[in-house]
Amino acid sequence: MVFSKALNPRMTVLAVEGSYASVIGGAPAAAVVFAGDVDARTEADERVREAAERADQASASERAGLVAAAAEIRAAVRAEKLGQVASEFDAVHSIHRAVEVGSVDEVIKATELRPKIIAAIEAGLA
């Protein structure tokens with residue numbers, strides 16, 4: 001679900017215990033928002049650096065194969081780093097953090113959902 005209290009500050013946002021909240025989700029954030037970080041981590045990885053060095057130092061006849069191998073290693077390492085950044089993002093952006101920053105008003109038990117919704121509607125009508 002997408003919502004923003006900036007669009008409607010009177011909106012009441014409740015989350016049921018066990019819910020998950022993220023700004024855009026770890027994987028999209030890693031791929032788009034933190035792409036530079038993912039790229040920097042990839043290029044700093046020893047496997048990528050060694051493969052690039054081997055390709056750079058290769059003779060002309062060996063270079064094409066080593067460049068292709070380096071590209072495969074870079075792609076595999078980038079996928080690994082993307083997963084790491086996504087996990088780090090998701091670890092920080094929890095439903096409880098959403099309450100702390102004001103995006104969600106309260107985390108409630110499932111049994112409280114109906115009474116809380118009724119109370120929010122009544123408050124909105126008052």
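## Exercises around Asp-45, Lys-81 and helix H4

The side chains of Asp-45 and Lys-81 are joined by a polar contact of 3.4 Å (a pair of N or O atoms within 3.5 Å; within protein, one must be able to donate a hydrogen and the other to accept it, and residues adjacent in sequence count only if both atoms are side-chain atoms). Please keep in mind that this is a predicted model, in which local features need pLDDT of at least 70 and side-chain atom pairs count only at pLDDT 80 or more, while totals for chains, interfaces and linings use all residues. Residues are numbered from 1 along each chain as its sequence is written, and side-chain values use heavy atoms, with hydrogens and water left out.

**Exercise 1.** Describe the secondary structure of the protein and the order of its elements.

*Solution.* Start with the inventory: six helices and two strands (DSSP runs, H or I of at least four residues for helices and E of at least two for strands, numbered from the N terminus). Next, read from the N terminus, which gives the order β-α-α-α-α-α-β-α.

**Exercise 2.** Place Asp-45 and Lys-81 in the fold, and decide whether each is buried or exposed.

*Solution.* First, find Asp-45 in the loop between H2 and helix H3 (46-57). Its relative accessible area is 10%, so Asp-45 is buried (buried means under 20% relative accessible area, exposed over 50%, partly exposed in between, with a 1.4 Å probe and protein chains only). Then turn to Lys-81, which sits in helix H4 and also counts as buried, at 12% relative accessibility. For context, 21% of the 126 residues of the protein count as buried.

Finally, list the neighbours, where contact means heavy atoms within 4.5 Å. Not counting residues up to four places away in sequence, Asp-45 touches Val-77 and Lys-81. With neighbours within four places left aside, Lys-81 is in contact with Val-38, Arg-41, Thr-42 and Asp-45.

**Exercise 3.** Work out how H2 is oriented against H4, and which kinds of residue make the contact.

*Solution.* Begin with the axes of H2 (residues 35-44) and H4 (residues 60-92): they come within 9 Å and cross at roughly 130° (axes are lines fitted to C-alpha atoms, for helices over the stretch in contact, and angles run from 0 to 180 degrees between N-to-C directions). The two helices are therefore oblique to each other (under 35 degrees counts as roughly parallel, over 145 as roughly antiparallel, 65 to 115 as roughly perpendicular and the rest as oblique). Among the residues making this contact are Val-38, Arg-41 and Thr-42 of H2, and Val-77, Lys-81 and Val-85 of H4. By type, the contact residues are five nonpolar, two polar and eight charged (Ala, Val, Leu, Ile, Met, Phe, Trp, Tyr, Cys and Pro are nonpolar, Asp, Glu, Lys and Arg charged, and the others, Gly among them, polar).

**Exercise 4.** Repeat the analysis for H3 and H4.

*Solution.* Here the axes come within 8 Å and cross at roughly 170°. That makes H3 roughly antiparallel to H4. Contributors include Val-48, Ala-51 and Ala-55 from H3, and Leu-66, Ala-70 and Val-77 from H4. The residues of this contact divide into nine nonpolar, no polar and six charged.

**Exercise 5.** Which residues does Glu-43 touch, apart from its neighbours within four places in sequence?

*Solution.* Glu-43 lies in helix H2 and is partly exposed, with a relative accessible area of 39%. Its partners are Val-48, Arg-49 and Arg-74. To finish, check the C-alpha atoms of Glu-43 and Arg-74: they are separated by 7.8 Å, although the residues are 31 apart along the chain.
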